[in-house]
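Thanks for taking a look at this one with me. Here are some notes to read alongside the picture.

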Amino acid sequence: MCRIDGYPERFALPPSSRLIPRDLRLCRVVLGVALVATTAFGAAPAQLRPAVQLLDNGVALCPGSAGSGYAIPCVTDWNGDGKQDLLVGYQLAGKIALYLNQGSREAPCFTNFTNLKAAGQNDIAYPSGGCGAPAPWVCDFDNDGDRDLLVGAGADGTVWLHRNTNSDAAPLLDRGEQLRTGGSVLSVGQRATPTTCDWDEDGLADLLCGAGDGFAYFFKNTNTATQPVFAPGTKLKAAGLDLNVGIRSVLRAHDWDGDGVRDLVCSSDAGVYWYRGTRGAGAILLGPRESLCAPVALNGLVPINTGGRMRLHLTDWNNDGVPDLLLGNLNGTVTFFEGYPFRLDRIDRIGNEVSLVWQSAPFLRYRVLAGPTPDALTNIIGSQVISEGKATHWRTVESGSSLYYRVQVE
């Protein structure tokens, strides 16, 4: 079940001359009126708008075999021009497509692709049966100031490093080497989907890796930033148990709820989820999984599922400061879900009328509650309010006892 609630954005409308903000860091002045809106609570998870297909020359982007391309996306500024480009691992060729952004940073646009090459000559290719497309991840692996490429292999679950031997503006990838752990080749069995982050917060980038078996593997960097050396893999835990997202897992570490602690956002054949992170003794502790949801016409807010073999990537696609979600699909296409903060953006008073404006999404309906205090918002003053798209405006006649407001998705 999916539900989003505007409780982190409860706003008060007391006389400004007597206002004492509940949290000065989150105090908002509503321009043009003698009122101040204050946030009563802190961070909240980002929300997602409805699915949109990424396009290539006006048609659905699909670098692989139509219907069975098994796309695995990764976003990066590949040529250093300040705009988001797109990498897509695809089948049945087992190659990685590069789509250079022909649009802007705020509105990416793609027309055709080329395959990434090794040593400037042959296409990078990792053959694998079925859904085992190569999984690209771009990072500065050796901390030398330019971007390198990691590739998760589908067939044997190994992870390959292609170092950039040139510059960020004109990357030139070497022929690649397999990552190792101890004296052995690093492998998660099959369908490796790597990502890097400082998971244990010791100042060094570690390796996280999804796998065909659905577990989330952690390989700790035990050496330096310039010469990573990885310890044998261990399974991440959530709510005290080995974390299993579902077969063909993909992992991304991201502070999804904006509370200053990394969470884990994942996909699998079964769904798209996030695990809330909290700080423990020298480690991030993950809670139980929660489904990521998006609006669907006639159905409202439902768990995201674009079909089997979903492979996610998180990025700020449109440069608005909010994480967005890309999903590679079984049929070789890539789906985009725009992220947004579910919040009240503005409160105005005109005479005895109060106007609320909140961030919203199509296909949803809202309930508005009011009350005299943040903990007594029990009076339903609006129901089945229809979304107006990305922002919804709603007006009501102010009641003397209703100084605080709250918006929920019905």
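1. Let's begin with how the chain holds together. Among contacts (heavy atoms within 4.5 Å) with a separation of 6 or more, residues 24 or more positions apart account for 53%. Please keep in mind that this is a predicted model, in which local features need pLDDT of at least 70 and side-chain atom pairs count only at pLDDT 80 or more, while totals for chains, interfaces and linings use all residues. Numbering starts from 1 along each chain as its sequence is written, and side-chain values use heavy atoms, with hydrogens and water left out.

2. The chain has 39 strands and zero helices; strands are DSSP runs of E with at least two residues, helices runs of H or I with at least four, and both are numbered from the N terminus. Of its 410 residues, 52% count as buried, meaning under 20% relative accessible area with a 1.4 Å probe, protein chains only.

3. One open sheet to find is β7-β8-β9-β10, four strands in that order with antiparallel pairing; two strands pair if DSSP finds at least two bridges between them. β7 (72-76) and β10 (114-115) each have a single partner strand, so one side of each is left without a neighbour in the sheet. Five bridges link β7 to β8 (residues 85-90), and C74 has L87 in β8 as its bridge partner.

4. L87 also appears in the largest nonpolar core, where it is among the residues that touch the most other members, along with L116, I124, L149, L150, L179 and F219; the core has 31 residues. Such a core is a set of buried Ala, Val, Leu, Ile, Met, Phe, Trp, Tyr and Cys residues joined through side-chain atoms within 4.5 Å. Strands that each supply at least two residues of this core include β9 (95-99), β14 (148-152) and β21 (216-219). A second, separate core has 19 residues, including L356 and Y405.

5. L356 leads us to another sheet: in β35, L356 is the bridge partner of I347. Here β34-β35-β38 form an open, antiparallel sheet of three strands, with β34 (344-350) and β38 (391-397) at the edges, each pairing on one side only. Six bridges join β34 to β35 (residues 353-359).

6. Is N329, in the loop between β32 (324-328) and β33 (334-340), buried or exposed? N329 is buried, with a relative accessible area of 4%. Leaving aside residues up to four places away in sequence, N329 touches Q53, Y70, A71, T306, R309, V334 and T335.

How values were computed. Buried < 20%, exposed > 50% of the residue type's maximum accessible area, 1.4 Å probe, protein only.
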